[in-house]
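Here are some friendly notes to read alongside the structure. Take the points one at a time, and find each residue in the viewer as you go.

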Amino acid sequence: MRTAVLTIDQRGSTRGSDRVPATLAGLADVAMLRPFERTAGDEFQGVLDEPAAVTTVVERLLREGGWSIGIGIGEVEEPLPESTRAGRGPAYLAARDAVTAAKSAPWRLRVAGEGQGVRALETTLWLWAAVLNRRTPRGWEVADLVDTGASYEEVAKRLGVTQSAISQRAQAAGIVEGRRARELVTQLVGGLLQDQRS
């Protein structure tokens, strides 16, 4: 079986509090083949086989900040154990390589493993991270409401501002670009996993 294994490490953990439990709780609603588990220190790992789930996890971690993100694409040995930590295979090794490399990479994120699109996925993730990084709390507020399906007019009414103000916030937050990037990331992950399965 071939999947995406994500290995995530808290940056600067020796100087701050342990953020792993709160982050794991925040990711508990994401459907995964094997859920995130703490592996060692301030690191956790999970196994995903749905492209949209990979996208969701990465977006939340980028938004939160303070993480090194390693994504490994490839085989996992079967039968896959119930415990994420007990799994083995090239995807796990790729995720380990990726999270190590992420510590000195743009946006602290790397992708490693099998497939023609690994580099393209990594590049797209870096560009998406650059868009997300420029969002202010007010930009995220608009983005979150738009993601529920609300129009700019509806968002303006809800926030008590003009539609023009919402359009300006959306442009500054790169909402259109961010949504396109999210779609592209999901497609690229899907292509990699489909390539792996064929």
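1. Start with R38 and D18, whose side chains meet in a salt bridge, with 2.6 Å from N to O. R38 sits in strand β2 and D18 in the loop between β1 and α1, so this pair ties together parts that are 20 residues apart in sequence. R38 counts as partly exposed, at 29% relative accessibility, and D18 is partly exposed too, with a relative accessible area of 42%. Please keep in mind that this is a predicted model. As background, side chains of opposite charge can pair when their charged atoms come close.

2. How many salt bridges does a search of the whole structure find? There are 17. Another of them joins the side chains of R134 and E177, at 3.7 Å from N to O. This pair also links distant parts of the chain: R134 is in the loop between α4 and α5, E177 is in helix α8, and they are 43 residues apart. R134 is partly exposed at 41% relative accessibility, and E177 is partly exposed with a relative accessible area of 41%.

3. Helix α8 turns up again with R182, whose side chain meets that of D147 in a salt bridge (2.9 Å, N to O). D147 belongs to helix α5 and R182 to helix α8, with 35 residues separating them. D147 has a relative accessible area of 39%, which makes it partly exposed; R182, at 23%, is partly exposed as well. For a group beyond simple pairs, look at R2, E75 and E114, which are linked in a network of salt bridges.

4. Next, the strands. Is β3 largely enclosed or open? Six of the six residues of β3 (residues 43-48) are buried, so the strand is largely enclosed by the rest of the structure. E43, Q45 and V47 point one way from it, while F44, G46 and L48 point the other way.

5. Strand β3 has partners to trace. Strand β1 (residues 2-10) runs antiparallel to it and is joined to it by six bridges, with L6 standing opposite G46. Strand β2 (residues 34-40) pairs with β3 in the antiparallel sense over four bridges, and here E37 has Q45 as its bridge partner. β2 and β3 form a hairpin with two residues between them, and G41 in the turn has a positive phi of about 55 degrees.

6. L6 appears again in the largest nonpolar core, which has 45 residues; L6, V58 and L125 touch the most other members. Leaving aside neighbours within four places in sequence, V58 is in contact with L6, I71, L109, L125 and W128. Apart from this core lies another, of seven residues, including V47, V76, L80 and A95. In soluble globular proteins, nonpolar side chains tend to be buried together.

7. Finally, two buried residues to compare by eye. V30 lies in the loop between α1 and β2 and is buried, with a relative accessible area of 11%. Its C-alpha atom is 7.7 Å from that of T56, although the two residues are 26 apart along the chain. Not counting residues up to four places away in sequence, V30 touches A53, T56, V57 and R60. E122, in helix α4 (residues 118-133), is buried with a relative accessible area of 8%. With that same sequence limit of four places, E122 touches L109, R110 and V111.

Notes: Residues are numbered from 1 along each chain as its sequence is written. This is a predicted model: local features need pLDDT of at least 70, side-chain atom pairs count only at pLDDT 80 or more; totals for chains, interfaces and linings use all residues. Side-chain values use heavy atoms; hydrogens and water are left out. A nonpolar core is a set of buried Ala, Val, Leu, Ile, Met, Phe, Trp, Tyr and Cys residues joined through side-chain atoms within 4.5 Å. Buried means under 20% relative accessible area, exposed over 50%, partly exposed in between (1.4 Å probe, protein chains only). Contact means heavy atoms within 4.5 Å. Two strands pair if DSSP finds at least two bridges between them. A salt bridge is a side-chain nitrogen of Lys or Arg within 4 Å of a carboxyl oxygen of Asp or Glu.
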